[in-house]
Amino acid sequence: MFFNRSRLIRFPIIIRGRKSIDFGKGLTTGIGCRIEAYPDKLRNDKLIVFGDNVQLNDYVHITAMNKVVIGNNVLMASKIYISDCSHGFYEGGERDSSPESIPIDREYKINFIVIEDNVWLGEFVSVLPGVRIGKGSIIGANSVVTKDIPSNSIAIGVPAKVIKKFNLETKKWEKI
């Protein structure tokens, strides 16, 4: 009734800002998923956009204040965190947040996330603001994605680094 284009929605599920979410077609979720969109009052567009046939396993948490786009046929293991926003700036610039300020009061750092088609995210992966994960890529378990990952790559670690690329000519994964 609430997810008529979905394949399977397991409850409980927490959804905030439903009007700002496009669930795509054929979505499958595990139990305990949390999907949150926090739109600016001036915006009417979708902040979280799922492609077709996306599978989220148990306890996936996705939050957006700007835009999170998830492509077609994306597979997510359990306990994944994807957020296009964070409390504060910590880059060594003029906007840096002071550790003396209260974390909840710090200015939000907000930047889009794109996860392209046919991506597989392993268990406990975190995807941080401003990241694009290219088509056909795999992110290994427990990795933290802080920078773009090119298409057809395998990336692992904290922060995630590319360790293999798929050679389209030889049809084999090659170490970097």
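Strands here are DSSP runs of E, at least two residues long, numbered from the N terminus. The model is predicted. Keep both points in mind as you select.

**Stop 1: Asp84**

Select Asp84. It sits in the loop that links strand 11 (81-83) to strand 12 (85-87). Is Asp84 buried or exposed? Its relative accessibility is 0%, and buried means under 20%, so Asp84 counts as buried.

Now show what surrounds Asp84. Leaving out residues up to four places away in sequence, Asp84 touches Thr63, Ala64, Met65, Asn66, Lys67 and Val68, among others. Its contacts also include Lys109, Ile110, Asn111, Phe112 and Ile113. Pro129 is another residue that Asp84 touches. Add a distance from Asp84 to Met65: the C-alpha atoms are separated by 6.6 Å, with the two positions 19 residues apart along the chain counted as the offset.

**Stop 2: strand 5**

Move to residues 33-37, which form strand 5. Four of the five residues in strand 5 are buried, so the rest of the structure largely encloses this strand.

Which strands pair with strand 5? Strand 2 (residues 13-16) runs parallel to strand 5, joined by four bridges. Pick Ile15 to see one example: its bridge partner in strand 5 is Ile35. Strand 8 also runs parallel to strand 5, again through four bridges. Here pick Arg34, whose bridge partner in strand 8 is His61.

**Stop 3: the largest nonpolar core**

Next, select Phe50, Leu56, Ile62, Met76, Ile82, Leu121 and Ile133. Of the 37 residues in the largest nonpolar core, these touch the most other members. Colour the strands that feed this core: strand 5 (33-37), strand 6 (48-50), strand 8 (61-64), strand 9 (68-70) and strand 14 (113-115) each supply at least two residues. Strand 5 gives the largest share, three residues.

Stay with Leu56. Setting aside neighbours within four places in sequence, Leu56 is in contact with Phe50, Ile62 and Met76, among others. Its other contacts include Leu27, Thr28, Thr29 and Gly30. Cys33 and Ile35 are also in contact with Leu56.

**Stop 4: Pro150**

Finish at Pro150, in the loop between strand 19 (144-145) and strand 20 (153-156). Pro150 is partly exposed, with a relative accessible area of 37%. Beyond residues up to four places away in sequence, Pro150 touches Gly134, Ser137, Val162 and Lys165. Draw one last distance, to Glu123: this residue is 27 residues from Pro150 along the chain, and their C-alpha atoms are separated by 20 Å.

Key
Residues are numbered from 1 along each chain as its sequence is written. This is a predicted model: local features need pLDDT of at least 70, side-chain atom pairs count only at pLDDT 80 or more; totals for chains, interfaces and linings use all residues. Side-chain values use heavy atoms; hydrogens and water are left out. Buried means under 20% relative accessible area, exposed over 50%, partly exposed in between (1.4 Å probe, protein chains only). Contact means heavy atoms within 4.5 Å. A nonpolar core is a set of buried Ala, Val, Leu, Ile, Met, Phe, Trp, Tyr and Cys residues joined through side-chain atoms within 4.5 Å. Two strands pair if DSSP finds at least two bridges between them.
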